[in-house]
Amino acid sequence: MKNTIAADLEWSSLAQKALNGECLTVEEGLAVLNAHNDEILPLMQAAFNVRKHYYGKKVKLNMIINAKSGLCPEDCGYCSQSIVSTAPVQKYTLLDKDTLLAGAREAMARQAGTYCIVAAGKGPTEKELDQVVDAVREIRETMPLKICACLGILKDGQAERLSEAGVHRYNHNLNTSKANYPSITTTHTYDQRVETVEKVKSHGMSPCSGVIIGMGETNHEIVEMAYALRELDADSIPINFLNAIPGTPLEKSGRTSAMKALKVLALFRFICPSKEIRVAGGREVNLRTLQPLSLYAANSLFVGDYLTTAGQDISADHHIIEDLGFEIELNAL
Ligand code: SF4
């Protein structure tokens with residue numbers, strides 16, 4: 001293990017590199033992931049220096065609504081809504097407009113600046129798209145909320161319609177590395193996911209794309225995932241940590257340690273320095289008591305429940321932000 005002064009210098013030099021617009025080498029990325037746990041504070045301080053440069057102490061909140069649950073023909077190994085999962089999840093078709101609007105009002109009450117409308121499935125039908133577009137138009141006319149849609153792979157013409165309706169951002173995660181992708185999902189490909197993110201960008205929506213850590217990937221692959229998202233120029237990068245759900249193919253995967261999760265967040269801050277890094281699904285069960293430290297690298301959170309698993313009480317998240325001396329950023333994209 002390096003002595004503390006040497007470690008401080010190393011992590012601060014990576015922060016300076018990131019602020020200079022230079023990309024970390026693979027070796028530097030791996031050094032972050034392999035950092036000794038005793039170095040976590042100087043590492044997070046270095047990540048914080050980058051985060052502070054772009055976002056100060058602001059924390060953006062996002063709220064998800066599971067607009068269509070279960071019934072998915074895809075076989076994503078981490079997902080309780082997939083056709084190969086036996087997890088007891090709710091199954092329903094696309095929620096009606098009143099329910100989607102009620103969710104938007106709840107997002108406002110929680111001080112979330114972005115409302116994420118998420119639907120299970122490979123991609124939306126035209127009828128589903130009509131319903132989403134109708135709800136989005138009304139939300140945009142009546143509430144100061146940003147809308148993010150996550151509806152799967154988009155067919156020609158669908159990205160344009162969402163953009164015209166006022167959807168600011170579209171989420172489509174890369175999830176894992178290209179090499180690891182076939183071991184997670186066989187019903188669609190990594191390249192299809194990249195194509196959808198590119199399609200979203202070409203139609204004026206802000207691209208949101210992230211990862212799920214803890215699905216058998218190597219550290220080298222985590223560094224590759226960060227490079228891939230830097231290359232894709234994703235504006236928002238949700239970093240999920242697998243919450244292994246009984247009944248899913250990945251149910252026996254262990255949790256990511258809290259220390260490892262912090263190192264991953266620092267890595268993404270260094271490699272994608274100016275981007276919204278969101279500590280996302282699974283933070284409660286993987287980061288556990290170290291959740292507050294995550295905000296020294298990340299500048300964004302999901303609040304409330306996830307798609308099929310419970311989040312923590314909104315007051316706990318507000319307390320974390322308050323206790324850190326950070327502040328909620330309203331109406332940021
Ligand atoms: S992640 Fe999406 S596409 Fe994959 S099984 Fe779950 S709902 Fe279907």
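Where does Gly 121 sit? Gly 121 is in the loop between strand 2 and helix 5, and helix 5 covers residues 126-142. Before I go on, a reminder: this is a predicted model.

Let me stay with Gly 121 for a moment. What does Gly 121 touch, once neighbours within four places in sequence are set aside? The contacts are Cys 72, Leu 151 and Gly 152. Now take Gln 192, which is 71 residues away along the chain. The C-alpha atoms of Gly 121 and Gln 192 are 14 Å apart.

Gly 121 also brings us to the cavities. How many are there of 30 Å³ or more? The count is 3.

Gly 121 helps line the second largest cavity. That cavity holds about 50 Å³ of space. The rest of its lining is Lys 68, Leu 94, Ala 119, Ala 120, Gly 123, Pro 124, Glu 128 and Leu 151. Leu 151 is thus on the lining, and Leu 151 is also a contact of Gly 121. By class, the lining has 5 nonpolar, 2 polar and 2 charged residues.

Next, the largest cavity. It has about 900 Å³ of space. The lining runs to 42 residues, and those closest to the centre are Tyr 78, Cys 79, Asn 173, Ile 212 and Leu 307. Which elements give two or more residues to that lining? They are strand 2 (114-119), strand 3 (146-150) and strand 7 (236-241). The chemistry splits into 22 nonpolar, 16 polar and 4 charged residues.

On to the largest pocket. Here the volume is about 190 Å³. The pocket has 16 lining residues, and nearest its centre are Asn 66, Gln 90, Leu 307, Thr 308 and Thr 309. Note Leu 307: it is named for this pocket and for the largest cavity. The pocket lining divides into 9 nonpolar, 6 polar and 1 charged.

Now helix packing. Helix 9 is residues 219-232, and helix 10 is residues 258-271. Their axes come within 9 Å and cross at roughly 35°. The crossing is right-handed. Who makes the contact? From helix 9, we have Asn 219, Ile 222, Val 223, Met 225, Ala 226, Tyr 227, Leu 229 and Arg 230. Helix 10 answers with Lys 260, Val 264, Leu 267, Phe 268 and Ile 271. That contact counts 10 nonpolar, 1 polar and 2 charged residues.

Last, aromatics. The whole structure has 5 aromatic pairs. One of them is Phe 48 with Tyr 296. Why is this pair called edge-to-face? The ring centres are 5.1 Å apart and the planes stand at 80°, past the 60 degree cut-off, so the pair counts as edge-to-face.

And where are the two partners? Phe 48 is in helix 3 (residues 40-55). Tyr 296 is in the loop between helix 12 (291-294) and strand 9 (300-303). The pair therefore ties together parts that are 248 residues apart in sequence.

How values were computed:
Residues numbered from 1 in each chain as written. Predicted model: local features only at pLDDT ≥ 70, side-chain atom pairs only at ≥ 80, totals over all residues. Heavy atoms only, no water. Axes fitted to C-alpha atoms, helices over the stretch in contact; angles between N-to-C directions. Helix = DSSP H or I, 4+ residues; strand = E, 2+ residues; numbered from the N terminus. Left-handed = near helix turned anticlockwise from the far one by under 90°. Contact = heavy atoms within 4.5 Å. Nonpolar A, V, L, I, M, F, W, Y, C, P; charged D, E, K, R; others polar. 1 Å grid on protein atoms, 1.4 Å probe; cavity = no way out; pocket = protein on both sides within 12 Å on 5 of 7 lines; lining within 4 Å. Points joined across faces, edges and corners; volume = space filled by probe spheres on them. Phe/Tyr/Trp six-rings, centres within 6.5 Å; stacked < 30°, edge-to-face > 60°.
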